[in-house]
Amino acid sequence: SDTRGRSLSLAHLYVAYSALALGGLAGLLQVLVRSGGLTLPAGIDYYQILTVHGVLLGLILTTFFIIGFLHASIIRTSGPYSNRSIVLGWLGFWIMLIGTIMSASMILLNEATVLYTFYAPLMAHWLFYLGLTFVVVGSWFSGAAMISAYRHWRKEHPGQTSPLLTFMAIITIVLWIIATLGVAGTVLFQLLPWSLGIVERVDVLTSRTLFWYFGHPLVYFWLLPAYMAWYAIIPKVIGGRVFSDSLARLSFLLFLLFSIPVGFHHQLVEPGIDAFWKYLQVVLTFMVVIPSLMTAFSLFATFEIRGRELGAKGLFGWLRKLPWKDARFTVPFIGMLAFIPAGAGGLINASNQMNQVVHNTIWVTGHFHLTLATTVVLTFFGISYWLIPHLTGRVLTKEMNRLAIIQAIVWTVGMGIMSLSMHAAGLLGAPRRSAFSTYGDAPQALAWIPYQAAQAIGGTILFIGIILVLYIVVSLAFFSPKGTETFPVADSGSAKTPKALEDWRIWLTILTALILIAYSVPFIDMIQQAPPASKGYRLW
Ligand code: HAS
């Protein structure tokens with residue numbers, strides 16, 4: 001029916017999975033190099049492939065997948081896009097794609113080996129920063145397409161509560177737009193002029209602070225689409241309903257409020273930021289844990305209620321009633337389970353004293369391979385298994401469903417081995433972002449080697465997982481039998497939801513106040529007490 005909307009979403013998903021193919025290959029190479037088992041040919045540098053891996057998987061796969069999924073969710077629940085939204089959506093897609101090609105080319109030419117956080121004073125070619133600017137600006141066009149569709153719906157349905165999935169998609173994109181103001185600030189006013197030679201030096205602390213103003217909400221921009229599926233789609237897959245429409249909306253609003261003013265928990269060991277402001281942002285970080293706990297509660301409730309409806313008895317009998325053979329449920333469910341240890345690791349990171357132990361160790365890499373690369377990514381795979389055939393007019397066959405569950409098991413085994421050994425080696429002091437070295441055969445460094453070998457084994461199993469998921473995705477996109485695959489949306493009974501939950505004036509005012517409280521004084525301090533700015537370095 002809505003062919004234009006379908007093509008728009010699909011185009012984003014195709015770019016996302018292409019990024020997975022290239023970024024995954026870089027991941028395999030880098031675990032092998034790090035374990036000491038491989039030397040890269042033709043002068044290719046370890047940090048170059050690490051940058052390819054981080055940028056393609058952390059920034060490109062996620063942004064394209066999420067925007068494609070958000071478009072599809074809004075169209076599914078609020079109706080086909082107007083011409084205006086379609087044009088804005090395609091403009092966004094092309095600007096982002098051109099930006100991606102610019103930045104990726106510079107990385108492949110080894111002129112932007114600055115890792116995915118592109119911290120100053122490491123300097124990249126100016127085209128890399130310009131490419132990133134295009135990606136961000138393009139995503140704003142996509143956001144404008146979504147907001148325009150949402151406003152249109154509200155105009156057509158005065159006084160009604162918007163569909164839950166649309167509301168969640170709008171929170172996610174508003175979070176992204178407000179967060180990207182920080183990264184746009186550092187790229188446009190600091191990194192671009194500096195890499196072009198217009199200014200000679202860069203203020204590193206301000207740049208990193210602007211980056212983390214963006215970088216932390218970025219991780220919730222990754223998480224919220226997974227939560228959309230958990231709250232509003234999975235209940236339908238298991239034949240149930242959303243536990244509470246109001247609770248789901250409140251949890252998304254809490255993410256909007258608390259995920260931005262917390263960037264300092266990535267900068268706890270950095271000088272130049274007063275301890276009081278770090279403390280305040282750590283308190284706010286613990287506030288952002290609350291909506292995740294609400295999510296866990298509400299998911300358990302949905303699962304249990306459904307299981308009991310199906311006649312389950314005893315304390316845990318409902319677990320047996322869940323549709324374990326359905327990849328649309330099982331694959332994201334594994335992601336949910338992974339979030340229990342992953343979230344616990346996050347709480348450790350956020351605790352100031354424990355952060356001193358784990359910061360800049362490979363523990364942190366283990367943390368985000370559980371959060372992003374397991375919880376979020378497995379949910380994205382689970383979504384793709386019905387979304388891609390839904391968009392291409394095909395069906396998820398029994399064989400592909402079975403393969404999808406096998407894929408998730410392979411992924412879990414590979415990631416389990418890799419991430420556990422990353423956490424363990426991190427506690428033994430192994431640094432993150434470092435190529436293979438025995439540090440002059442120092443005993444401490446020699447103790448890390450078995451864990452690095454385990455990482456290589458886990459990483460190789462994961463690569464098999466990547467081949468499997470790509471095989472499934474290509475089959476679903478081009479070869480599965482023609483048919484109709486539904487986009488499942490659970491009933492949430494939004495009629496009783498308090499109207500205040502959709503009163504943007506309230507929430508955006510609180511958000512602005514929180515951001516100003518958390519960041520104003522530290523920024524003034526940075527400007528007034530700025531240490532000498534750095535001239536910068538190049539790794540290339
Ligand atoms: Fe994090 C570093 C703190 C969540 C990603 N994080 C990172 C980096 C990334 C990342 C990429 O405070 C590295 C950045 C870099 O390159 O330097 N993180 C947290 C905290 C949370 C958290 C407090 N992180 C995430 C998520 C990510 C992500 C989500 C991506 C998607 N993280 C940090 C800190 C650092 C950090 C510090 C900096 C470290 C440093 O020093 O550099 C929290 O949001 C976590 C809350 C979650 C929970 C779990 C709730 C459980 C649920 C599962 C329900 C399951 C069910 C099924 C119902 C408390 C919702 C169960 C059924 C059964 C039957 C059992």
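**Entry 1. A pair within helix α8**

I began with arginine 308 and glutamate 304, which sit 4 residues apart in helix α8 and are therefore separated by about one helical turn. In this predicted model, I found that their side chains meet in a salt bridge, with 2.9 Å from N to O. I then looked up the accessibility of both partners. Arginine 308 is partly exposed, at a relative accessible area of 34%. Glutamate 304 is also partly exposed, with a value of 29%.

I next noted which residues are joined through shared salt-bridge partners: Arg154, Asp245, Arg249 and Glu502 form one network.

**Entry 2. Glutamate 502 and its partners**

I counted 9 salt bridges in the model. I followed two of them from glutamate 502.

The first runs to arginine 154, where the closest N and O atoms are 3.7 Å apart. I recorded that this pair links distant parts of the chain, 348 residues apart: glutamate 502 belongs to the loop between α15 (449-479) and α16 (504-528), and arginine 154 to helix α4 (residues 126-156).

The second joins glutamate 502 to the side chain of arginine 249, at 3.8 Å from N to O. Arginine 249 lies in helix α7 (residues 245-258) and glutamate 502 in the loop between α15 and α16, so this salt bridge ties together parts that are 253 residues apart in sequence.

Are these three residues buried or exposed? I read a relative accessible area of 7% for glutamate 502, which is therefore buried, since the cut-off is under 20%. Arginine 249 is buried as well, at 1% relative accessibility. Arginine 154, at 34%, counts as partly exposed.

**Entry 3. The shell around the ligand**

I turned to the ligand and asked how many residues surround it. The shell holds 34 residues, and the closest are Tyr220, Asn355, His359, His367 and Arg432.

I sorted the shell by class and obtained 22 nonpolar, 11 polar and 1 charged residues.

I then traced the shell to its helices. At least two residues each are supplied by α6 (204-237), α8 (275-309), α10 (327-350) and α12 (362-392). Helix α10 gives the largest share, with 9 residues.

**Entry 4. Polar atoms facing the ligand**

I looked up the distances from polar side-chain atoms to oxygen atoms of the ligand. For tyrosine 116, a polar side-chain atom lies 2.8 Å from a ligand oxygen. For asparagine 355, I also found a polar side-chain atom 2.8 Å from an oxygen atom of the ligand. For arginine 432, an N or O atom of the side chain is 2.7 Å from a ligand oxygen. Asparagine 355 and arginine 432 are among the closest residues listed in the previous entry.

**Entry 5. A nonpolar patch on the surface**

Finally, I asked which residues make the nonpolar surface patch of about 470 Å². I listed Phe276, Tyr279, Val283, Met287 and Ile290. I checked one of them further: tyrosine 279 is found in helix α8. Tyrosine 279 has a relative accessible area of 55%, and because the cut-off for exposed is over 50%, I entered this residue as exposed. Helix α8 thus appears in several of my entries: as the site of the pair of arginine 308 and glutamate 304, as a contributor to the ligand shell, and as the helix that holds tyrosine 279.

Technical notes:
Residues are numbered from 1 along each chain as its sequence is written. This is a predicted model: local features need pLDDT of at least 70, side-chain atom pairs count only at pLDDT 80 or more; totals for chains, interfaces and linings use all residues. Side-chain values use heavy atoms; hydrogens and water are left out. A residue is near a molecule or strand if one of its heavy atoms lies within 4 Å of it. A polar contact is a pair of N or O atoms within 3.5 Å; within protein, one must be able to donate a hydrogen and the other to accept it, and residues adjacent in sequence count only if both atoms are side-chain atoms. Ala, Val, Leu, Ile, Met, Phe, Trp, Tyr, Cys and Pro count as nonpolar, Asp, Glu, Lys and Arg as charged, and the others, Gly among them, as polar. Patches are made of residues with over 30% relative accessible area and no salt bridge: like charges are joined within 9 Å, nonpolar side chains (Val, Leu, Ile, Met, Phe, Trp, Tyr) within 5 Å. Accessible areas come from the Shrake-Rupley method with a 1.4 Å probe; for residues, only the protein chains shown count as cover. A salt bridge is a side-chain nitrogen of Lys or Arg within 4 Å of a carboxyl oxygen of Asp or Glu. Buried means under 20% relative accessible area, exposed over 50%, partly exposed in between (1.4 Å probe, protein chains only).
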